[in-house]
Every structure is written in structure tokens, then in C-alpha cells.
Amino acid sequence: SCLQAIVGKTHFVRSLKTGRWADAVRMIRVVSVEFENMLRKAEGASEISVSFISGAAPQEIVHSPPVPTPEPANDEMTLQQVFDMFMSDPSKKRAWTTMARYRETMGVVFEVIPPSTPIKKVDRTMCRHVLEMVQWLPANATKRFPNQPIRMLCDKAKNGQIKRLISAQTVNFYMICFTAVLSFALSEEWADKNPAKGLRVADPVRAKDKRLPYDDGQLKQIFSTSIYTTKADQYRDTAKFWIPIIGLFGMRLNEIAGLRVADIQTIDGVECFIVKEAEDKSIKTLASERTVPIPDMIKDGVLALAQRRRQQGYARLFPDVHRDGRGLYSHEFSKWWGRHARNEGFFKERTCFHSLRHNFRQAMREARIDEEIVLALGGWTPSGKSEVQRNYGSGVPIHMLKDAINRIRYSELDLIHIL
């Protein structure tokens, strides 16, 4: 063929220089990209830069032209190679959304540190430059400024041409992701240090002030709108009716909106929601995967809804909620909820749909529920405990979870009357 005549070979052989299967699985993906780029170069085509997701197709990342750097020695890992290995690490199970955030983070990093930079050459000064750029990232940049280079947007923000920037919390999240990639290189002995360790900005908003639970008046307003009163018959089969009700019992918005009919199961005689990752939905953390008993006060309504969905031929409990471009079911509903809150008069600063989880945590506290049960029901990761400690025992028995969730009370609400 024409390509064979250009490269002068029909076969290529490359040693992966490892006897470990796990390393070979990760390295073959990087090597395959190297071969692809070699052939593209021979044909005169542009090279590609990709990041891998375990079990998924490679996702292309667009960068501004990087500053040229010396080619690394053959045995020296580059920042891009480390990132590729990090993303395809078979020892880790990460949610789809988490993988997307890492890709987004490294897309910004590569604007500052060229991906071909040897990992051992990445120093504290480079990492500080990353932090500086991240601080000037516009909020919702890809939506507000589609197809515009990140560096150009940050320069405009510095010059005062773009006003609304990401929060300090989001800045720190980017740096946490970057630090995790460098920590991976350190643990694999490809680097001698982690130069991004500890690089953060001060968050002016205290953790306890970031989100508030809805107060009694707001809760009463939420469940007194026409959705639950004059138009209840019209809305009774919709997500707008059911998602806020289920949200009172601790599940996250994306977890509720993505529920499938098959996620309602009977475990040891207890009807439950099964929260777990699937092909069409993701969960926030490993601790998010759990079994949540359906509270007695809403159980009949939920089971009846699931039965109607089966009869209608729907696999999902809320087919009227659709995924966004990142695969999340929560985005569309969250936007509607914000408009709904303002239109119905129950909006207050520092409250949003997530406030219902704060209401749940508060209600569990008032019911004097044991912390281990609270964490199990809400899918929170316990702080200050190792993975080994968390795995001791066989978990909280389902009947204890059921008893706890049935002790939840919201004094201003009459859910039985609403349903």
C-alpha cells in the first residue's frame, strides 16, 4: 500500500518493558496512540491527543498550541502519558462524571504545561501558574463561550472583559484533580515529588454557609403549589410531583431522576430504592451506592407509579426527565426547580434542591438516628475512617434502615394528605 511504501515496514514491534498485566493493560493504550500518530505524521495528517476512559472510547481534548519542549528520554514519562495511565488505571472505579471532570481539569493544565513535558520536570512554579490560570476561569465557560480557547478567555477575565468567574470551591476542586494525577505519578515512581501538593485558594464562604436547609415556611410553600393542590391530578405521574417528595428522604437529585423501574426491589421483605451505577447513569462516589428503604408514608404511591410505568412500557421511573450532554439527569430538573422556586415565592439565598438533603440530615439528627445509619441512608463517606474500617462488618441491616427512615418527620408537612 501507499502507507507501507512511506514507512517501509509491514509490522512494528514494541516492548512494553513490564511483566505486570495491569501495567501492560494501561501502557498498550498509550503505545497505540503513539503508533497512530506516527502513521498520521507519515501521511501528513495532524496528530491526536486523547485521554482514555476505562471501558469507553477515547475522548479527544482540544488544546491551544503548547510551548515547545525538549523531547523526553525514552524511559521518561510525560505529563500526557501519566494522565493517560491515571485515567485507565484498572485498580480504580470512577464515575463517568468524575472522569469528565479530570479531563476538563487537565485540558486547563495543558494550556499551561505542555502535555509533552517530562513528569519529572513539572515543578512548583509550573503548578502555581496552573493555579493562577484556574482562578481566572469564567463560570460555565463552555456554554457561555463555546469553541473559544481557554487561555484567551482567562486573559479577557484578567482584563475585566469577563466578570463572572468560577468559585473558590471550584478552583480548589480543579487543583485537587491535578494533585491527584501527580500523586499517581509519585506512587508509580515516575516522579520524585508532588509539586502541586497543598496549592489552594482561601474560600471566603464557610462550609456551613454554602447551603441551607429549607425552613418550615419554604417546605410548606413547596408542597402547597398547584402541582400538589389544584393541578395534582395533572402532575401526579410526573417527575415534578414525585422528585421533591422522594428528595425529602435523602437521595440526591441525579439519583432520583435516574431511577429505573428495576431499581425498586424487595430486599428481605422491605421495598427499597437501589442506588447504583449503570450504563445510562452514574453515581457521585462509591459510598453513594446503597439500598434505601422506601418510607411507609410514600410507599404505596411509589409502587403504584412503578406499576404504571411497567404497563406503559417505560424502563425509567421518570421518562419525562432527560440527560444532558454530560450524561446527568439532574441538570434539566435543577434548572426548572430554580425557575419554579422564584415563580412560586419559596426561593431564598443559599437554598436550592440540594437543600432537601440538608433537611433530611437535620430530620435524622432530630430523630436521634445513629450516625452510621445516617451515612448509610444518605450515601455519605464517613470522615476520618480508612477504607478498611468502613468495610468491617456486613453493613447496616435493612430492617434497621427501614426503622430509621420511618422515624423521619417534617412537622409542617402532611405528605399522606398530598399523596
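**Exercise 1. Two positions in helix α13**

L303 counts as partly exposed, at 28% relative accessibility. Task: place L303 in the model, which is a predicted one, and set K299 beside it.

Solution.
- Step 1. L303 sits in helix α13.
- Step 2. Find a partner far along the chain. The C-alpha atoms of L303 and Q265 are 9.9 Å apart, with their positions 38 residues apart in the chain.
- Step 3. Turn to K299. Helix α13 holds this residue too.
- Step 4. Check its cover. K299 has a relative accessible area of 18% and is buried, because the limit for buried is under 20%.
- Step 5. Find its partner. C272 is 27 residues from K299 along the chain, and their C-alpha atoms are separated by 9.1 Å.

**Exercise 2. Helix α11**

Task: decide how far helix α11 is enclosed, and say why.

Solution.
- Step 1. Take the range. Helix α11 covers residues 239-247.
- Step 2. List the buried residues. They are A239, F241, W242, I243, P244, I245, I246 and G247.
- Step 3. Conclude. Of the 9 residues, 8 are buried, so the rest of the structure largely encloses this helix.

**Exercise 3. Salt bridges**

Task: state how many salt bridges the model has, then examine some of them.

Solution.
- Step 1. The count is 9 salt bridges.
- Step 2. Start with D237 and R308. Their side chains form a salt bridge with an N to O distance of 2.7 Å.
- Step 3. Locate both ends. D237 is in the loop between α10 (232-235) and α11, while R308 is in helix α13 (residues 296-312). The pair links distant parts of the chain, 71 residues apart.
- Step 4. Check exposure. D237 is partly exposed at 26% relative accessibility. R308 is partly exposed as well, at 27%.
- Step 5. Move to D263 and R260. Their side chains meet at 3.2 Å, N to O. D263 is buried, with a relative accessible area of 0%, whereas R260 is partly exposed at 21%.
- Step 6. Take D403 and R407. The closest N and O atoms of this salt bridge are 3.7 Å apart. The bridge passes the rule because the cut-off is within 4 Å. D403 is partly exposed, at 44%, and R407 is partly exposed, at 38%.
- Step 7. Look for a network. Salt bridges link R252, E255 and R290.

**Exercise 4. A charged patch**

Task: name the residues that form a positive surface patch, and place R339.

Solution.
- Step 1. The patch is made of K143, R164, K335 and R339.
- Step 2. R339 belongs to helix α14, which covers residues 330-344.

**Exercise 5. Aromatic pairs**

Task: state how many aromatic pairs there are, then describe two of them.

Solution.
- Step 1. The count is 16 aromatic pairs.
- Step 2. Describe Y228 and F241. Their ring centres are 4.9 Å apart and their planes meet at 45°, which makes a tilted pair.
- Step 3. Place the two rings. Y228 lies in the loop between α9 (216-222) and α10, and F241 lies in helix α11, so the pair ties together parts 13 residues apart in sequence.
- Step 4. Check cover. Y228 and F241 are both buried.
- Step 5. Describe F333 and W336. This pair is tilted, at 5.2 Å centre to centre and 55° between the planes.
- Step 6. Explain the spacing. F333 and W336 are 3 residues apart in helix α14, so about one helical turn separates them. In general, an α-helix has 3.6 residues a turn, so residues three or four places apart point the same way.
- Step 7. Check cover again. F333 is buried at 4% relative accessibility, and W336 is buried at 13%.
- Step 8. Widen the view. One aromatic cluster is formed by Y214, F333, W336, W337, F346 and F353.

**Exercise 6. Positive phi**

Task: examine N147 and R368, residues other than glycine with a positive phi. Are they buried or exposed?

Solution.
- Step 1. Recall the background. Most residues other than glycine have a negative phi.
- Step 2. Read the angles. Phi is near 65° for N147 and near 55° for R368.
- Step 3. Place them. N147 lies in the loop between α6 (141-144) and α7 (150-158). R368 lies in the loop between α15 (355-366) and α16 (371-378).
- Step 4. Answer. N147 is exposed, with a relative accessible area of 83%. R368 is exposed, with 74%.

Notes:
Residues are numbered from 1 along each chain as its sequence is written. This is a predicted model: local features need pLDDT of at least 70, side-chain atom pairs count only at pLDDT 80 or more; totals for chains, interfaces and linings use all residues. Side-chain values use heavy atoms; hydrogens and water are left out. Buried means under 20% relative accessible area, exposed over 50%, partly exposed in between (1.4 Å probe, protein chains only). Helices (H or I, at least four residues) and strands (E, at least two) are DSSP runs, numbered from the N terminus. Patches are made of residues with over 30% relative accessible area and no salt bridge: like charges are joined within 9 Å, nonpolar side chains (Val, Leu, Ile, Met, Phe, Trp, Tyr) within 5 Å. Accessible areas come from the Shrake-Rupley method with a 1.4 Å probe; for residues, only the protein chains shown count as cover. Lys and Arg count as positive and Asp and Glu as negative; His and the chain ends are not counted. The place of a charge is taken as NZ of Lys, CZ of Arg, CG of Asp or CD of Glu. Rings of Phe, Tyr and Trp (its six-membered ring) pair if their centres lie within 6.5 Å; planes under 30 degrees apart count as stacked, over 60 as edge-to-face and the rest as tilted.
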